[in-house]
Amino acid sequence: MMLIPCPFCGKRNESEFIFGGPVGADRPDPNAASDAEWVEYLTVVPNPLGPVQERWWHARGCGEWVTIWRDTRTHDIVRAPDGPK
Amino acid sequence: MSYDVQIDRLGRVAVFDLKGTADAVGAWVKDILPAFPVRPNTRTEKNGVALCYIGRNHWLLRAARDAEERLEQRLKPTNCPADISIVRVSDTLTFFHVTGPDAADVMAIACPLDLHETVFPPDAVTYSEFFGLKALVTRCEGGFECAVEQSFGDMVADYLARATA
Ligand SMILES: [Zn+2]
């Protein structure tokens, strides 16, 4: 079981939330990106062994969208890793 | 195992959904509203009308059925300014009361919230889950009140009967 911190409600059971997917890379400039970079942006979903940034919707709650970092090895909600996203 | 609880299904309750900032909503209908709750997921009450702070810029006004028409006339949902929204939602919800010595035990079956009084005080109100359904949960005299989408009313009544049989 995960307790997900909602900015409005505080920590709530994961069952109140709907998974909104991992946070993808920022959209590159289509005029500057190579074809390979563009294909990577469109098709590659972040799937690290370790911290991943995710969105969750507090659907059976206040309705807020929440962005968290979750460690895929432990299921722990962790602080954002240092360095660029 | 059976529980020492009483399950009551309420008749119609007057509920209005209010969206907008407290300032904007208050500017339209301040005089009939209780003071706006400041802490998230709490409610205030005045003259039998409860104002529940259930989301960012989102409030529910709850009152007895006989107050519904008076509130509707005063809230004027169809004439309200564009920066707020007021919708009568009374007929979208079915309310249950779970009361008695074992009320908290029955709630623990249905709802993932920590309902201890230190975490869920008397003025607490929040959307959560009730048997997996989105539900409005608050306290009432001697126990807890839960409101689910009205089309699930019979099903939830059945779940409660089975859980407490
Ligand atoms: Zn929330």
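Two strands count as paired if DSSP finds at least two bridges between them, and the strands themselves are DSSP runs of E at least two residues long, just as helices are runs of H or I with at least four, all numbered from the N terminus. This is a predicted model, so to speak of local features we need pLDDT of at least 70, while side-chain atom pairs count only at pLDDT 80 or more, and totals for chains, interfaces and linings use all residues. Residues are numbered from 1 along each chain as its sequence is written, chains are lettered from A and ligands numbered from 1 in the order in which they are written, and side-chain values use heavy atoms, with hydrogens and water left out.

**View 1. Here is the open sheet of chain A, with four strands in the order 3-4-5-6.** The pairing in this sheet is antiparallel. At the edges sit strand 3 (18–22) and strand 6 (77–78) of chain A, each pairing on one side only. Strand 3 of chain A meets strand 4 (residues 51–57) over three bridges, and Ile18(A) has Trp57(A) in strand 4 as its bridge partner. Seven bridges then link strand 4 of chain A to strand 5, where Ile68(A) faces Glu54(A). Strand 5 (residues 65–71) of chain A goes on to pair with strand 6 over two bridges; Arg70(A) is partnered there by Ile77(A).

**View 2. Now we look into the largest nonpolar core, which has 30 residues.** A core of this kind is a set of buried Ala, Val, Leu, Ile, Met, Phe, Trp, Tyr and Cys residues joined through side-chain atoms within 4.5 Å. "Buried" stands for under 20% relative accessible area, with exposed being over 50% and partly exposed in between (1.4 Å probe, protein chains only). Leu18(B), Leu33(B), Leu61(B), Leu71(B) and Leu75(B) touch the most other members. Both chains chip in: among the elements that each supply at least two residues are strand 1 (3–6) of chain A and helix 1 (22–29) of chain B. There is also a second, separate core of 20 residues, including Phe130(B) and Val137(B).

**View 3. Helix 2 of chain B keeps Glu68(B), Leu71(B) and Leu75(B) buried.** These residues share one side of helix 2 of chain B because they cover an arc of only 65 degrees around the axis, taken from the directions from the helix axis to the C-beta atoms. Strand 2, helix 1 and strand 6 (85–88) of chain B are among the elements covering them. Just after the helix comes Lys76(B), with a positive phi near 45 degrees.

**View 4. Zoom in on Phe16(B), a residue of strand 2 of chain B.** Phe16(B) counts as buried because its relative accessibility is 0%. Its C-alpha atom is 5.0 Å from that of Leu61(B), though the two are 45 residues apart along the chain. Leaving out residues up to four places away in sequence, Phe16(B) touches Trp59(B), Glu68(B) and Val87(B), among others; touching, or contact, means heavy atoms within 4.5 Å.

**View 5. Finally, this is where chain B meets chain A, with 15 residues of chain B in contact with twelve of chain A.** The two chains bury about 1100 Å² between them, 48% of it on carbon and sulfur atoms; that is the accessible area (1.4 Å probe) lost on putting them together, summed over both. Arg56(B), Glu129(B) and Lys134(B) supply 41% of the area that chain B buries against chain A. Two salt bridges link the chains, each being a side-chain nitrogen of Lys or Arg within 4 Å of a carboxyl oxygen of Asp or Glu. Glu64(A) makes one with Arg56(B), where the closest N and O atoms are 2.4 Å apart.
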